[in-house]
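Subject: Structure for you to look over

Hello,

Here is the structure I promised. Please open it alongside this email, as my notes follow below.

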Amino acid sequence: MDNTDKKDCLISCLTTRRQFLFLSGAATATIMLTGIPGLGAKEVQAVVSKYPRVKIGKLSALKQDMPVAFTYPTKDIRNILVKLGTPAGGGVGSNNDVVAFNPVCTHMGGPMETAYKAEYKILGQCPFHQSTFDLTRHGMIISGHATESLPQILLETEGDDIYAAGVIGLVFGRNSNV
Ligand code: FES
């Protein structure tokens with residue numbers, strides 16, 4: 001498989017389920033894939049399921065590498081909000097380093113809410129089959145059995161307030177984000 005084939009496969013793998021979400025009426029947003037050896041940068045259209053904006057925290061209250069939990073878009077879906085200390089895809093705040101993800105493994109639902117590794121800015125390893133996800137690159141899978149990125153919570157800010165405004169990807173175990 002040459003680099004062109006790898007790139008096509010990667011884009012396809014990252015967009016398959018998001019394209020499904022598009023069919024259920026979601027909006028799209030552009031994300032940038034970077035830092036993949038031999039592939040360069042590539043813009044792809046991610047599909048965002050939009051929900052009512054909900055205030056989930058304050059920038060000034062976050063401590064670097066100390067994730068905090070919140071629920072969104074429904075009360076039974078727990079996510080983590082974390083200030084990485086390094087710019088990240090989809091990050092908000094003055095350093096674009098505040099991100100949020102659903103921490104349920106996209107492979108078979110392994111729980112990773114407490115699996116943040118500050119040294120590498122990753123979530124994992126998943127306790128079931130050791131998948132790990134890069135929180136600086138939209139939750140992209142970097143090792144293990146999963147084939148889908150972690151669902152990323154779309155964040156917005158207004159002054160010091162942080163709002164959740166949508167979900168990029170599908171939370172494990174659901175056939176839609178609604
Ligand atoms: S459930 Fe996480 S790697 Fe299988």
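Strands here are DSSP runs of E, at least two residues long, numbered from the N terminus. By that numbering, Gln125 lies in the loop between β7 and β8 (132–134). The model is predicted.

**Overview**

The chain has one helix and eleven strands. The helix comes at the N-terminal end of the order, and the strands follow it. Of the 178 residues, 38% count as buried. Take contacts between residues at least 6 apart in sequence: 44% of them join residues at least 24 apart.

Confidence first. The average pLDDT is 83, and 74% of the residues score at least 70. Residues 1–25 stay under 50. For that stretch the model has 27 contacts beyond four places in sequence.

**The four-stranded sheet**

One sheet is open and has four strands, in the order β6-β7-β8-β9. The pairing is antiparallel. β6 (116–117) and β9 (140–143) are the edge strands. Each has a single partner strand, so one side of each has no neighbour in the sheet. Two bridges join β6 to β7 (residues 122–123). One bridge pairs Tyr116 with Leu123 of β7.

**The core**

The largest nonpolar core holds 36 residues. Which of them touch the most other members? They are Val99, Ala100, Phe101, Leu123, Leu135 and Ile153. Several strands each supply at least two residues of this core, among them β2 (42–58), β5 (98–101), β7 and β10 (152–158).

Leu123 deserves a second look. Beyond its neighbours within four places in sequence, Leu123 contacts Phe101, Pro103, Met112, Ala115, Tyr116, Thr132, Phe133, Leu135 and Leu150. Tyr116 is also its bridge partner.

**The β10–β11 hairpin**

β10 and β11 form a hairpin with two residues between them. The two strands run antiparallel and are joined by seven bridges. One of these pairs Thr157 with Ile162 in β11. In the turn, Gly159 has a positive phi of about 65°.

Lys55, in strand β2, reaches this part of the chain. Not counting residues up to four places away in sequence, Lys55 touches Asp161 and Tyr163. Lys55 has 11 C-beta neighbours inside 10 Å, so it counts as exposed; the cut-off is 12 or fewer. Its C-alpha atom is 10.0 Å from that of Phe70, 15 residues away along the chain.

**Backbone points to check**

Most residues other than glycine have a negative phi, and most peptide bonds are trans. Four places depart from that pattern, and they are listed here.

- Tyr72 and Pro73 are joined by a cis peptide bond, with omega about 0°. Pro73 sits in the loop between β3 (68–71) and β4.
- Gly124 and Gln125 are also joined by a cis peptide bond, with omega about 10°. Gln125 is in the β7–β8 loop.
- Gln130 has a positive phi, near 70°. Gln130 is in the loop between β7 and β8.
- His138 has a positive phi, near 60°. His138 is in the loop between β8 and β9.

Are Gln130 and His138 buried or exposed? Gln130 has 15 other C-beta atoms within 10 Å, so it is partly exposed. His138 has 25 within 10 Å, so it is buried; the cut-off for that is 20 or more.

Best wishes

How values were computed
Residues numbered from 1 in each chain as written. Predicted model: local features only at pLDDT ≥ 70, side-chain atom pairs only at ≥ 80, totals over all residues. Pairing = 2+ DSSP bridges. Contact = placed C-beta atoms within 7 Å. Core = buried A, V, L, I, M, F, W, Y, C linked by C-beta atoms within 7 Å. pLDDT = per-residue confidence, 0-100.
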